[in-house]
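I opened a fresh page for this model today. My notes on confidence, one helix pair and enclosed space go below.

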Amino acid sequence: MFPDSDNTQPKIALVLGGGGSRGIAHIGVLDVLIQEGVPVDLVVGTSMGAIVGVLFASGMTPAEIGEQMMAMQGSNIFSMNLFSARARQKAIEEQLTTALDGVTFADLAVPTVVMAVDMRDGREVMLGSGPVIPAILASSAVPAVFPPVEMDNMQLADGGVIDSLATRIAHEHKAEKIIAVDVYPPLEQDNPWVDPISAIMGIELPFNLINKTEWGKTPSMMSSMWRAFRVMACHLHERRLTQYPADVLLRPAVEGYGSLDFTDIEGPFLAGRMEALKHLDEIRALLPENQD
């Protein structure tokens, strides 16, 4: 499923990665790109990158996108409904409807692709036609947090199950230059045996509820399984980036934020701005007037 567009070769593609609340950093990056007049000809988004990317492609400014995120400030995803994944997903859908009701990919000002995974056969799926809200919900359907989205006989879940930063898609669309924003947490900066709930939600559980053995010195089954997933995901992530490199790779300092923790909106936003400003010379070099 490719974008509804005239198939013109994009000059600059913007790839926005998944990472839950860490993806608010994308808004800060967009703020700098607009300030610098960087033209974006293709958006590729995964999970939170899909949400921010589609809102941007619909014509919203970074400030307006930030206002959408403000609705979630002071909470974590589970606070929307502790016991029902479908109710949490419905709350996200209702929030998206305020900005994107009835919008299709053909209506977007910038051609856009969002990434999901068919959980039935493990295929990566590009979504770039039809209504945008179901596609966004599919791309951001984090397993165990949201249910998969049924679409065209597929059971679609978060694209980050396979690849949280889909630079491959920008290469397949033959983008001349690629700016990628990676908000996936670095493996080496993790506590290797953190319990998954603390890691995802950005909270510390009281009384060591999950990792009880020897006061947490011995990894629990849940911590070990989570670490194994993180190791596999990070290896694939880095391998994909090597195979399909970005011309400018931005990695905002958001590793301290839980992926479902929206208690701090400003911190990730500023981290995105700071990272873009740090790479400003590289970004400016992509502009047509600076090409040889």
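Here is what I looked up, entry by entry.

**Confidence.** I am working with a predicted model, where local features need pLDDT of at least 70, side-chain atom pairs count only at pLDDT 80 or more, and totals for chains, interfaces and linings use all residues. Residues are numbered from 1 along each chain as its sequence is written, and side-chain values use heavy atoms, without hydrogens and water. I found a mean pLDDT (the predictor's confidence in each residue, from 0 to 100) of 85, with 82% of residues at 70 or more. Residues 201–216 fall below 50, yet I noted 27 contacts in the model for this stretch beyond near neighbours in sequence; contact means heavy atoms within 4.5 Å.

**Helix pair.** I looked at helix 1 (residues 25–35) and helix 2 (residues 48–57), both DSSP runs of H or I with at least four residues, numbered from the N terminus. Their axes, lines fitted to C-alpha atoms over the stretch in contact, come within 10 Å and cross at roughly 35°, on a scale from 0 to 180 degrees between N-to-C directions. I saw His26, Ile27, Leu30 and Ile34 of helix 1 meet Met48, Gly49, Val52 and Phe56 of helix 2. I sorted these contact residues into six nonpolar, two polar and no charged, with Ala, Val, Leu, Ile, Met, Phe, Trp, Tyr, Cys and Pro as nonpolar, Asp, Glu, Lys and Arg as charged, and the others, Gly among them, as polar.

Technical notes. Helix = DSSP H or I, 4+ residues; strand = E, 2+ residues; numbered from the N terminus.
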